[in-house]
Amino acid sequence: MKLRARAAPTREVRCLHCGADFAVAAQAMVLTCPACYKRVTVQDIVINTAQNMARVETCGRVVVRRGGKITAGVVQATVGVEVLGELYAGSVAAPVVHIGPRAVWRGDLVAARVIIEPGARVLSGRFRIQPAPPPPAASEETAA
Ligand SMILES: [Zn+2]
């Protein structure tokens, strides 16, 4: 079920809600998943400053630059998470997580692969390594 690009440059993303793969315009930022009709952010989320967000969710990557600091309840990125600054989260889920040499990390993590550079500070968190992100629930039970 993969549609190849014709004229406009596209890239493939995976819906973080339902797991469907679909192609989007290269410059797309936010759109509606063709499979589950939920709105999803497909652009990378780059944190350069101190930010407080309940949920950081994207079908791209979450990047915390050096000097950036994110405090969040949930961080979910279907491509990966890269932390060079500080990340304080309740839970993080991504296939690949890179914690840079001077990064500060606090939060539980589910990932297929974690790279922790020497000099990174992991303050706390339970890291669970599993081959793929948890499959989306078959039946949607959304509270409220
Ligand atoms: Zn979807």
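This is a short tutorial dialogue about reading a predicted model.

Student: Before I look at any detail, how confident is the predictor in this protein, in terms of pLDDT?

Tutor: The general idea comes first: where pLDDT is low, the predicted coordinates should not be read in detail. Here the average pLDDT is 89, and 86% of the residues score at least 70. Over residues 138–144, though, the value is below 50. That stretch also has zero contacts in the model beyond near neighbours in sequence.

Student: Okay, I'll leave that stretch alone. How many helices and strands does the protein have?

Tutor: Zero helices and 15 strands. So let's talk strands. Strands of a sheet pair through backbone hydrogen bonds, either parallel or antiparallel.

Student: Take β6 and β8, then. In which sense do they run, parallel or antiparallel?

Tutor: Parallel: strand β6, residues 50–58, is joined to β8 by eight bridges. For a landmark, pick M53, whose bridge partner in β8 is A72.

Student: And where does β8 go from there? What pairs with β8 over seven bridges?

Tutor: That would be strand β10, residues 86–93, which pairs in the parallel sense with β8, residues 69–77. You can follow the register residue by residue: V74 has S91 as its bridge partner in β10, and V75 has V92.

Student: Which strand is joined to β10 by six bridges?

Tutor: Strand β12, residues 104–111, and the two run parallel. Look at V92 again: in β12, L109 stands opposite V92. Thus V92 is a handy residue to step across from, with V75 as a partner in β8 and L109 in β12.

Student: What about the odd-numbered strands? What is the order of the open sheet of five strands?

Tutor: The order is β5-β7-β9-β11-β13, with parallel pairing. At the edges sit β5 (45–47) and β13 (113–116), each pairing on one side only. From one strand to the next, the twist averages 5°.

Student: Can you walk me through one pair in that sheet?

Tutor: Sure. Strand β9, residues 80–83, and strand β11, residues 96–99, pair in the parallel sense over three bridges. V83 stands opposite I99 in β11.

Student: Now the inside. Which residues have the most contacts inside the largest nonpolar core?

Tutor: They are V64, V75, V81, V83, V92, A94 and V97, in a core of 24 residues. The elements giving two or more residues to this core are β7 (61–64), β8, β9, β10, β11 and β12. There's also a second, separate core of seven residues, including V13, C15, C33 and V40. Across the protein's 144 residues, 28% count as buried.

Student: Let me zoom in on V81. What is V81 in contact with, leaving aside neighbours within four places in sequence?

Tutor: R61, V62, V75, V92, A94 and V97. Step back to the whole protein, and residues 24 or more positions apart account for 10% of the contacts with a separation of 6 or more.

Student: Let's try a loop residue. Where is G100 found?

Tutor: In the loop between β11 and β12. G100 counts as partly exposed because its C-beta neighbours inside 10 Å number 19, and a residue needs 20 or more to be buried. Leaving aside neighbours within four places in sequence, G100 is in contact with V83, L84, E117 and A120. G85 is 15 residues apart from G100 in sequence, with 7.9 Å between their C-alpha atoms.

Student: And R106, which residues does it touch, not counting residues up to four places away in sequence?

Tutor: Y88, L123, S124 and G125. R106 is found in strand β12 and is partly exposed, with 15 other C-beta atoms within 10 Å. From R106 to V92, 14 residues apart along the chain, the C-alpha separation is 9.7 Å.

Student: One last residue, Y37. Why is Y37 classed as exposed?

Tutor: Because Y37 has 9 other C-beta atoms within 10 Å, and the cut-off for exposed is 12 or fewer. Y37 is found in the loop between β3 (30–32) and β4 (39–41). Check the backbone there too: Y37 has a positive phi of about 65° although it is not a glycine.

Methods:
Residues are numbered from 1 along each chain as its sequence is written. This is a predicted model: local features need pLDDT of at least 70, side-chain atom pairs count only at pLDDT 80 or more; totals for chains, interfaces and linings use all residues. Two strands pair if DSSP finds at least two bridges between them. Helices (H or I, at least four residues) and strands (E, at least two) are DSSP runs, numbered from the N terminus. Axes are lines fitted to C-alpha atoms, for helices over the stretch in contact, and angles run from 0 to 180 degrees between N-to-C directions. A nonpolar core is a set of buried Ala, Val, Leu, Ile, Met, Phe, Trp, Tyr and Cys residues joined through C-beta atoms within 7 Å. Two residues are in contact if their C-beta atoms, placed from the backbone, lie within 7 Å. pLDDT is the predictor's confidence in each residue, from 0 to 100.
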